[in-house]
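Visitor: Can you walk me through this model? Keep it quick.

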Amino acid sequence: MGADSIRERILQDVISAVGALAWVGAVVREQPADPGDLADYAQSQFPLVAVVGQLPKPKQTRRAGKGREFVSELEIGLFVYAMEAQTPDELVSSLADDLWAACLADPGRGGLALDTEVLPETEKATYTPYVAFSLVLNTTYVHDASGI
């Protein structure tokens, strides 16, 4: 089931929403391990967005017919890396604003989720010539015992 799980379909929906932003150079599924790894990406791939999904956390279990269904929360980290040495704070504001709007344009993730909230991380980092920040999406959805 894995590739067709609700979790994976939600992640693919987020990747599509992020990838549709005109300024996104590339979307990847793994966060670079450390700032030094950013040099491995071509300049054309920046701004780079890593979309990293955690495993769902069941918040509620309820009976559904002969089985059970779960209301779970899925945290999805959006880690943004851009190249900007002159005005990094202005760039972060602009990119975060666009990313926020894109992720909340469809909080139901095409009917897969009950809701999506954006939980901003409060820190940004600068690794000249890179600037980095992250947002966390908290997506609430329903699934049954057959998968996540």
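**Cores, a pocket and the fold**

Guide: Start with the largest nonpolar core: it has 30 residues, and Val18, Val51, Ile76, Leu78, Leu99 and Phe133 touch the most other members. Such a core is a set of buried Ala, Val, Leu, Ile, Met, Phe, Trp, Tyr and Cys residues joined through side-chain atoms within 4.5 Å. Buried means under 20% relative accessible area, exposed over 50%, partly exposed in between (1.4 Å probe, protein chains only).

Visitor: Which helices and strands supply at least two residues of this core?

Guide: Helix 1 (6-19), helix 2 (88-104), strand 2 (48-53), strand 4 (67-83) and strand 6 (130-144) each do. Helices (H or I, at least four residues) and strands (E, at least two) are DSSP runs, numbered from the N terminus.

Visitor: And a second core?

Guide: A separate one has 11 residues, including Ala26, Phe46, Val52 and Ala132.

Visitor: Is this predicted? How are things numbered?

Guide: This is a predicted model: local features need pLDDT of at least 70, side-chain atom pairs count only at pLDDT 80 or more, and totals for chains, interfaces and linings use all residues. Residues are numbered from 1 along each chain as its sequence is written, and side-chain values use heavy atoms, with hydrogens and water left out.

Visitor: Back to valine 51. What does it touch?

Guide: Leaving out residues up to four places away in sequence, Val51 touches Leu11, Val14, Ile15, Val27, Val28, Arg29, Ile76, Gly77 and Leu78. Contact means heavy atoms within 4.5 Å.

Visitor: Glutamate 8: buried or exposed?

Guide: Buried, at 15% relative accessible area. Glutamate 8 sits in helix 1. Its side chain makes a polar contact of 2.9 Å with the side chain of arginine 29. That term means a pair of N or O atoms within 3.5 Å; within protein, one must be able to donate a hydrogen and the other to accept it, and residues adjacent in sequence count only if both atoms are side-chain atoms.

Visitor: New topic. What is the overall layout?

Guide: Along the sequence, the pattern is α-β-β-β-β-α-β-β. That gives two helices and six strands. Of the chain's 148 residues, 43% count as buried. The C-alpha atoms fill a box of roughly 60 × 25 × 25 Å along the principal axes.

Visitor: How much of the contact set is long-range in sequence?

Guide: Among contacts with a separation of 6 or more, 60% come from residues 24 or more positions apart.
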